[in-house]
Amino acid sequence: MNALISILPVALLFVLMLGFKVSGYKSALITLAATAALTLWTAPSMGIIPEKFASDSVYSLVGWSLVEGTLKAVFPILLIILMAIYSYNVLVESKAIEVIKSQFSSFTDDRGVLVLMMVWGFGGLLEGMAGFGTAVAIPAAILIGLGFKPMFSALVALLGNTVATGFGAVGVPVITLCNEISPGGVASSQTLCEVSTFAVLQLAPLFILIPFIILVLTDRKAWMKNLCLAVWVGGVSLAVQLACATFLGAETPAIIGSIAAILAIIVYSRCFLPRKKKPADAKHFTMSETLRAWSVYILILVFILVSGALCPPVNNFLKSHLVTSVPLPVIGSTFKFGWISNAALMLFLGSIIGGAIQGLSFKKLATVMAQTVINLRFTVVTIVCLISLASVMNYSGMIAALAAGLVAVSGSFYPFFAPLIGAIGTFVTGSDTSSNILFGKLQANVAGQLGMTGSTTVCGFSGYESDWLAAANSAGATGGKMISPQSIAIATAACDMKGADDAILRKAIPYSILYIALCGLIVWLAA
């Protein structure tokens with residue numbers, strides 16, 4: 001009964017968006033209000049509120065949950081989304097996007113290769129470096145600039161932003177998961193490598209299936225070419241990510257794997273596709289013009305790499321300076337935000353400096369920023385409401401009750417449903433990292449209940465059985481990312497499709513179900 005009541009907020013969000021076609025921000029606002037009311041009226045009598053909060057006022061619990069949700073939504077998620085879209089708008093204003101579009105379109109006449117390069121290669125690289133919506137917002141916006149339809153651009157960007165999200169933002173989701181399941185809250189390098197490897201293995205077929213689906217959506221007639229290209233690019237991505245996960249841990253699989261995918265696409269194009277014949281009047285860009293046009297993205301890449309985990313001295317300095325801590329009474333947590341260590345600042349610096357290099361005045365850059373903020377006003381409401389919703393469900397015990405209900409119903413078949421729990425966490429929170437925080441420890445505890453306490457070997461890679469089940473949470477979470485209302489809100493903002501959240505969700509759901517079911521089958525068979 002507790003699980004059935006706890007699933008009502010998720011069901012309400014689906015019904016509003018799919019059944020009644022209510023816009024994303026209105027659906028999120030209504031669902032948040034309904035969830036807060038449900039918590040205030042029923043949670044105490046249901047007995048699902050965690051014991052450590054039992055003596056506190058339920059009104060205070062809900063209130064501080066909303067405060068935490070709002071802080072998490074703004075710092076850094078909304079800031080990163082804002083800066084990611086701002087970086088694209090700067091390119092539009094400076095006309096540099098025309099150079100980039102021309103270079104992409106001159107790369108090949110093959111639309112499938114072009115789309116795969118953008119959402120799987122470039123998008124995966126953005127996810128690996130920054131995460132938090134950049135890999136949806138920027139590729140989708142560029143695809144529209146290249147002449148693709150908004151709905152198509154949004155859908156393929158969401159599909160492409162799946163496999164890489166487990167290792168997004170320089171491995172934060174998997175690192176967080178490993179810390180959650182490790183004694184003392186600090187994971188060893190061995191645990192990081194084992195869980196990272198298991199996560200890649202669980203996603204192995206999807207490295208080929210997702211590129212294939214993206215190619216088929218782009219060109220439904222060229223099945224054999226689509227299959228060959230998907231196997232080649234997906235196989236290279238899988239091999240490189242598996243090697244990085246096994247030997248280096250969680251920080252580099254998405255970054256290096258995406259660079260390898262880009263190189264694989266270039267090799268395929270040079271070897272198997274006819275050279276594009278350039279018109280006599282085709283524009284030729286000098287190295288200086290090319291560097292100027294790409295300066296925004298080049299600077300963003302440099303800033304993110306230098307400030308990230310790949311450069312420990314810089315990373316440690318940034319993380320230890322100008323950090324704001326906000327204590328949150330009742331819920332007993334402390335919200336922290338690093339003003340100089342977050343990806344939003346790197347996106348902002350890259351956009352401002354790159355925009356100046358491209359000839360924009362600071363007044364024009366400020367005007368573009370103001371326009372970007374105004375255009376994102378509905379996205380702000382949507383994401384604040386959804387993160388707050390996740391916070392209320394978490395502290396009221398609803399998410400734990402929902403997961404426990406699934407465990408009770410599934411029994412020995414639980415490993416098949418383990419990725420589904422991770423997907424639910426991402427659907428509600430919009431974040432693979434948040435899903436791992438919510439359910440990572442639960443997955444490890446269930447492994448103990450199922451007797452999965454020894455070591456295991458999967459495809460020649462060894463590790464603990466509990467790590468295999470914990471990794472399933474992150475693998476499933478990547479599938480939930482595709483249909484997360486937050487991701488869809490980012491896509492609608494980037495593609496200027498206000499009010500189309502429900503239409504995008506309907507198109508993405510079948511692919512997400514297939515994705516999560518395939519993950520579940522792999523996890524269950526190995527378990």
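Which residue just after α24 takes a positive phi?

## Helix α24 and the residue that follows

In this predicted model, the residue in question is D496, which takes a positive phi of about 55 degrees just after α24. The helix itself spans residues 485–494 and is mostly covered, nine of its 10 residues being buried. The buried residues of α24 are P485, Q486, S487, I488, A489, I490, A491, T492 and A494.

## The β1–β2 hairpin

Residues 323–328 form strand β1 and residues 333–338 form strand β2, and these two strands pair in the antiparallel sense over six bridges. Within this pairing, T324 has F337 in β2 as its bridge partner. The two strands make a hairpin with four residues between them, and in the turn V330 has a positive phi of about 70 degrees.

The residue F337 appears again in the aromatic contacts, where ring pairs link F75, F337 and W339 into a cluster. As for the strands in general, the side chains of a regular strand alternate between the two faces of the sheet.

## Aromatic pairs

How many aromatic pairs does the count come to? The count comes to 14, and among them is the pair of F148 and F152, which is stacked, with 5.5 Å from centre to centre and 25 degrees between the planes. Both members of this stacked pair, F148 and F152, are buried.

Another of the pairs joins F198 and W468 in an edge-to-face arrangement, with 5.1 Å centre to centre and 80 degrees between the planes. This pair links distant parts of the chain, since F198 belongs to helix α10 (residues 189–202) and W468 to helix α23 (residues 465–481), the two residues being 270 residues apart. F198 is buried, and W468 is buried as well.

## Salt bridges

A search of the whole structure finds four salt bridges. One of them joins E93 and K364, whose closest N and O atoms are 3.7 Å apart. Because E93 lies in helix α4 (residues 58–94) and K364 in helix α18 (residues 362–375), the pair ties together parts that are 271 residues apart in sequence. Neither side of this bridge counts as buried under the 20% limit: E93 is partly exposed, with a relative accessible area of 29%, and K364 is partly exposed as well, with a relative accessible area of 34%.

A further salt bridge is formed by K225 and D110, with the closest N and O atoms 2.9 Å apart. This contact also links distant parts of the chain, for K225 is in helix α12 and D110 is in the loop between α5 (96–107) and α6, 115 residues apart. Are the two partners buried or exposed? K225 counts as buried because its relative accessibility is 18%, and D110 counts as buried because its relative accessibility is 15%. The salt bridge between D502 and R506, at 3.3 Å from N to O, lies within one helix, as both residues belong to α25 (residues 501–526) and are four residues apart, about one turn of the helix. An α-helix has 3.6 residues a turn, so residues three or four places apart point the same way. At 7% relative accessibility D502 counts as buried, whereas R506 is partly exposed, with a relative accessible area of 37%.

## The second largest cavity

The count of cavities of 30 Å³ or more comes to four. The second largest cavity holds about 70 Å³ of space, and its lining consists of W120, G124, G160, V163, A164, S237, Q241, G257, S258 and A261. The elements that give two or more residues to this lining are α6 (111–129), α12 (223–247) and α13 (253–272).

Which element gives the most to the lining of the second largest cavity? That element is α13, with three residues. By residue class, the lining of the second largest cavity divides into four nonpolar residues, six polar residues and no charged ones. Helix α12, which gives two or more residues to this lining, is also the helix that holds K225 of the salt bridge with D110.

Terms used: Residues are numbered from 1 along each chain as its sequence is written. Side-chain values use heavy atoms; hydrogens and water are left out. On a 1 Å grid over the protein atoms alone, a cavity is a set of points where a 1.4 Å probe fits but cannot get out, and a pocket is an open set with protein on both sides within 12 Å along at least five of seven lines; lining residues have an atom within 4 Å of a point. Grid points are joined across faces, edges and corners, and a volume is the space filled by probe spheres set on the points. Ala, Val, Leu, Ile, Met, Phe, Trp, Tyr, Cys and Pro count as nonpolar, Asp, Glu, Lys and Arg as charged, and the others, Gly among them, as polar. Rings of Phe, Tyr and Trp (its six-membered ring) pair if their centres lie within 6.5 Å; planes under 30 degrees apart count as stacked, over 60 as edge-to-face and the rest as tilted. Buried means under 20% relative accessible area, exposed over 50%, partly exposed in between (1.4 Å probe, protein chains only). A salt bridge is a side-chain nitrogen of Lys or Arg within 4 Å of a carboxyl oxygen of Asp or Glu. Two strands pair if DSSP finds at least two bridges between them.
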